[in-house]
Amino acid sequence: MAKPYTQDEFDSLMEKVEKVDIRVKDYLELTGHGKWARLYALVNWGWTVTSNITESIKSALVSARELKIYDFLEEVRKMFGRWNCSNRKEASHTYTTLGKKYQEILTLNEALSTRMTVVPSTEYLHMVNDEGRHNIVCLLEKTCSCGRFQVDELLCPHAWVVLKSKFLMLEDYFLDYYKPKSIVMTYEEPVYPLPDRREWNIPAHISEEIVLSPKWKRPPGRPKKKRD
């Protein structure tokens, strides 16, 4: 239900969940669809509907968890510094129209569009025949009845075939977020290295503070949640 582009598909999946356990449906509605469903998102998610980055960070810091707090934070700083530098370098050397991830999606959509035909209605309104299924593309509003054009703000196969038939510039129909220059800007702020600890200027009232170890040791595993 997090991934559909159309209301009909979303409602159909929600009905299946309701048949399994209506409490799940009620919980998801109480949470608010805009927090987890792409169709209701208030901002463009850029295709990100996973927690992969969180899991990657946790995995990369497994050994660092055993360090003292300062050493742990220093490992975190160095790791993000390396990632930031690597991503900035990769984006700076990207010479395709879009960033690598989005260029691959665009190439796939171009391949899918080859099997489609276009029937123009007006200068901006077109019907696209996709193996018997009709989709309506409006270039003026940058929408398609499949939902992907307006939700992702990236050319779906139907929009692609329409633009190709009219010999229009594709760049005018992309969200700037997907372009390499925007990705470079994401990583333009460096993660600065810290000076040697012996050069730190620490106020006396801080350096004299004694921090004791916790009285209780946290048990392994995730803490159990209390449910009503």
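This is a dialogue on how to read helix crossings, ring pairs, burial and backbone angles in a predicted model.

Visitor: Where should I begin with helix packing, and how do helix 1 and helix 2 cross?

Guide: A crossing is read from how far apart the axes come and from the angle between them. In this predicted model, the axes of helix 1 (residues 7-20) and helix 2 come within 5 Å and cross at roughly 130°. Helix 1 and helix 2 are therefore oblique to each other, since 65 to 115 degrees would count as roughly perpendicular and over 145 as roughly antiparallel.

Visitor: Which residues of helix 1 and helix 2 make the contact, and how do they divide into nonpolar, polar and charged?

Guide: Helix 1 contributes Met14, Val17, Glu18 and Val20, while helix 2 contributes Ile22, Val24 and Lys25. By class, the contact of helix 1 with helix 2 holds 5 nonpolar and 2 charged residues, with no polar ones.

Visitor: How do the axes of helix 3 and helix 4 cross, and what is the handedness of that crossing?

Guide: The axes of helix 3 (residues 52-60) and helix 4 (residues 69-92) cross at roughly 130° and come within 11 Å. That makes helix 3 oblique to helix 4. The crossing of helix 3 and helix 4 is right-handed. On the side of helix 3 the contact is made by Ile53, Ser56, Ile57 and Ala60, and on the side of helix 4 by Met79, Phe80 and Trp83. The contact of helix 3 with helix 4 has 6 nonpolar residues and 1 polar residue, and no charged residues.

Visitor: Let me follow one residue from that contact: is Met79 buried or exposed, and what does it touch?

Guide: Met79, which is found in helix 4, counts as buried at 3% relative accessibility, because buried means under 20%. If residues up to four places away in sequence are not counted, Met79 touches Ile57, Ala60 and Leu61. Separation along the chain can also be set beside separation in space: Met79 and Thr114 are 35 residues apart in sequence and 44 Å apart, C-alpha to C-alpha.

Visitor: What changes in the reading of helix 5 and helix 7, and at what angle do their axes cross?

Guide: The axes of helix 5 (residues 100-113) and helix 7 (residues 157-166) come within 8 Å and cross at roughly 70°. Helix 5 and helix 7 are therefore roughly perpendicular to each other. In this contact, Leu106, Asn109, Glu110, Leu112 and Ser113 of helix 5 meet Pro157, Trp160, Val161 and Lys164 of helix 7. These residues divide into 5 nonpolar, 2 polar and 2 charged.

Visitor: Is Leu108 in helix 5 buried or exposed?

Guide: Leu108 is found in helix 5 and is exposed, with a relative accessible area of 52%. As for its separation from Lys217, Leu108 and Lys217 are 109 residues apart in sequence and 52 Å apart in space, C-alpha to C-alpha.

Visitor: What describes a pair of aromatic rings, and how many aromatic pairs does the structure hold?

Guide: Such a pair is described by the distance of the centres and the angle of the planes. The structure holds 7 aromatic pairs. One of them joins Tyr177 and Tyr178 in an edge-to-face arrangement, at 5.5 Å centre to centre and with 75° between the planes. Tyr177 is partly exposed, with a relative accessible area of 43%, whereas Tyr178 is buried at 0%. Elsewhere, ring pairs link Phe10, Trp36 and Tyr40 into a cluster.

Visitor: Where is the place of His33, and which residues does it touch?

Guide: His33 has its place in the loop between helix 2 (22-31) and helix 3. His33 is buried, with a relative accessible area of 17%. Leaving out residues up to four places away in sequence, His33 touches Phe10, Met14, Leu28 and Tyr40. Phe10 and Tyr40 belong to the ring cluster as well, and Met14 takes part in the contact of helix 1 with helix 2.

Visitor: Which sign of phi do most residues other than glycine have?

Guide: Most residues other than glycine have a negative phi. Lys142, although it is not a glycine, has a positive phi of about 55°. Lys142 lies in the loop between strand 3 (133-138) and strand 4 (143-144) and is partly exposed, with a relative accessible area of 38%. Glu153 likewise has a positive phi of about 55° without being a glycine. The place of Glu153 is in the loop between helix 6 (148-152) and helix 7, and Glu153 is partly exposed at 33% relative accessible area.

Conventions. Residues are numbered from 1 along each chain as its sequence is written. This is a predicted model: local features need pLDDT of at least 70, side-chain atom pairs count only at pLDDT 80 or more; totals for chains, interfaces and linings use all residues. Side-chain values use heavy atoms; hydrogens and water are left out. Axes are lines fitted to C-alpha atoms, for helices over the stretch in contact, and angles run from 0 to 180 degrees between N-to-C directions. Helices (H or I, at least four residues) and strands (E, at least two) are DSSP runs, numbered from the N terminus. Angles under 35 degrees count as roughly parallel, over 145 as roughly antiparallel, 65 to 115 as roughly perpendicular and the rest as oblique. A crossing is left-handed if the near helix is turned anticlockwise from the far one by less than a right angle, and right-handed if clockwise. Contact means heavy atoms within 4.5 Å. Ala, Val, Leu, Ile, Met, Phe, Trp, Tyr, Cys and Pro count as nonpolar, Asp, Glu, Lys and Arg as charged, and the others, Gly among them, as polar. Rings of Phe, Tyr and Trp (its six-membered ring) pair if their centres lie within 6.5 Å; planes under 30 degrees apart count as stacked, over 60 as edge-to-face and the rest as tilted. Buried means under 20% relative accessible area, exposed over 50%, partly exposed in between (1.4 Å probe, protein chains only).
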